[in-house]
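Colleague: I'd like to learn how to read a model piece by piece. Could you walk me through this one?

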Amino acid sequence: MSKNRFLLVLLAGCLFLFAGFTPTGKKQPEETGESGNRLLLGFAQIGSESSWRIGNTRSVQEAAEQHGIQLMMSDANQKQENEIRAIRQFIAYQVDVIAFVPIVEEGWENVLYEAKNAGIPVILSDRQISEKIDENLYTTYVGADFYVEGRRAGEFLLRKAEESGKETLRIVELLGTPGSTPALQREKGFHDVIAGDSRFEVIESVSGDFLRSKGKESMEKLLEKWGDGIDVLYSHNDGMTLGAIDAIEKAGLQPGRDIIIITVDGEQAAFDLVKEGKINCVVECTPMLGDLIMELTEKLAAGEEVPRVIHPEETMFTEYDDLSGLPARGY
Ligand code: AHR
């Protein structure tokens, strides 16, 4: 590591601490007595809106430590401008690689041009950016196929509809953060599967912003409006689902029986509710992306080619499955 770069990293550590950033990893290179050539990854996280997200952050931190990669992590507190500011700081500190979770799809052109001009490869983690943005501005995407997740939710509903024999199923949908890839794609995948089938009527779609509190609040309003006329809840994440289940029980209805509940993520709490019969289907979305991100970081820093898209393996867990032997989820 050059003297200038070393001083920058040192300065970065101090400033990031001051500005709410968290440099992690066991020790700074100068403390380890190593040759001082540890890779430096700037990771911009969007916040801690759900247990899923907290699991995602932990996965990145643990993997960085295991791979011996020095991590500068920022928490944008759900604000895109904070993320952009963090990425600019990563560029100023000349990190080796930048990874970030685009909170929404639009609005990244300028900062990505800046990273490109600085010659720093960018990994999109968990969420994607708009197809309208020049795809050469980032190197790779690692995260779920949210469209497939939405389709899985729809396919489960087809099976339930067969079983129920009902002529009409009235669906309410709790959407994630507006303009984010998981909200857009989970909606599209689900609607594509049920489209044209006259048994299904989506009576209302409202945003719960991936938050448990908003899931509860939105479901309370939906129940006030539609009473017991709701047959299905399709919710874009477990956090909102847990809030909605509180509201459903408060209204004297039985989740999983009076209302079919389909959710996405696979947090431990959701698994437990499948076992209790309160959730009918969990579509898995794994937050465990840390190892993949670190492997990509190492390859990019070494100038190696990496795949354009990496989707981790995911599945779904339903009331028809035996979940008793599954290991604890850890988030
Ligand atoms: O981007 C992934 C989504 O973001 C997860 O489904 C959700 O829980 C999180 O907040």
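Modeller: Let's start with the labels: helices, of at least four residues, and strands, of at least two, are DSSP runs numbered from the N terminus. With those labels, F210 sits in the loop between β8 and α8. Keep in mind that this is a predicted model.

Colleague: How many helices and strands does the chain have?

Modeller: The chain has 11 helices and 13 strands. Of its 331 residues, 53% are buried. As for contacts between residues at least 6 apart in sequence, 75% of them join residues at least 24 apart.

Colleague: Back to that loop. What is odd about the phi of F210?

Modeller: F210 is not a glycine, and yet its phi is positive, about 65°. D126 does a similar thing, with a positive phi of about 70° and again no glycine. You'll find D126 in the loop between β5 (122–125) and β6 (140–142).

Colleague: Is F210 buried or exposed?

Modeller: The cut-off you need is that buried means under 20% relative accessible area. F210 has 4%, so it counts as buried. D126 has 3%, so it is buried as well.

Colleague: Now helices. How do I read one?

Modeller: The general idea is that an α-helix has 3.6 residues a turn, so residues three or four places apart point the same way. Take α9, residues 238–250, as the case here. At 1.5 Å a residue, its 13 residues should span 18 Å, and the end C-alpha atoms are indeed 18 Å apart.

Colleague: What happens at the two ends of α9?

Modeller: The N-terminal end is capped by N237, which has a side-chain oxygen 3.4 Å from the backbone nitrogen of G239. After the helix comes G252, with a positive phi near 80°.

Colleague: How many residues of α9 are buried?

Modeller: Of its 13 residues, 10 are buried, so the helix is mostly covered. Among them are M240, L242, I245 and I248. The cover includes the strands β7 (169–175), β9 (232–235) and β10 (260–265), along with the helices α8 (212–226) and α10 (268–275).

Colleague: And sheets?

Modeller: Strands of a sheet pair through backbone hydrogen bonds, either parallel or antiparallel. One sheet here is open, with six strands in the order β8-β7-β9-β10-β11-β13 and mixed pairing. At its edges stand β8 (200–207) and β13 (316–318), each with a single partner strand, so one side of each has no neighbour in the sheet. From one strand to the next, the twist averages 15°.

Colleague: Which residue in β11 is the bridge partner of V264?

Modeller: That's V283. β10 and β11 (residues 281–284) are parallel, with four bridges between them. For another parallel pair, look at β2 (residues 40–45) and β3, which are joined by six bridges, with G42 opposite M72 in β3. In β3 (residues 70–75), five of the six residues are buried, so the strand is largely enclosed by the rest of the structure.

Colleague: What does E284 touch?

Modeller: E284 lies in strand β11, and at 11% relative accessibility it counts as buried. Beyond four places in sequence, its contacts include E149, D265, E313, M316, F317 and R329. With R329 there is a polar contact of 3.1 Å between the side chains.

Colleague: How many disulfides should I look for?

Modeller: Generally, a disulfide is a covalent bond between the sulfur atoms of two cysteines. This structure holds zero. As for cysteines, C281 is buried at a relative accessible area of 0%, and C285 counts as buried at 1%.

Colleague: One last thing: where is V274, and what is it in contact with?

Modeller: V274 is in helix α10 and counts as buried, at 8% relative accessibility. Setting aside neighbours within four places in sequence, it is in contact with I279, V282, T318, E319 and L323. V274 and F317 are 43 residues apart along the chain, and their C-alpha atoms are separated by 8.4 Å.

Terms used:
Residues are numbered from 1 along each chain as its sequence is written. Side-chain values use heavy atoms; hydrogens and water are left out. The expected span of a helix is 1.5 Å times one less than its number of residues. Buried means under 20% relative accessible area, exposed over 50%, partly exposed in between (1.4 Å probe, protein chains only). Contact means heavy atoms within 4.5 Å. A polar contact is a pair of N or O atoms within 3.5 Å; within protein, one must be able to donate a hydrogen and the other to accept it, and residues adjacent in sequence count only if both atoms are side-chain atoms. Two strands pair if DSSP finds at least two bridges between them. Axes are lines fitted to C-alpha atoms, for helices over the stretch in contact, and angles run from 0 to 180 degrees between N-to-C directions. A disulfide is a pair of cysteine sulfur atoms within 2.5 Å.
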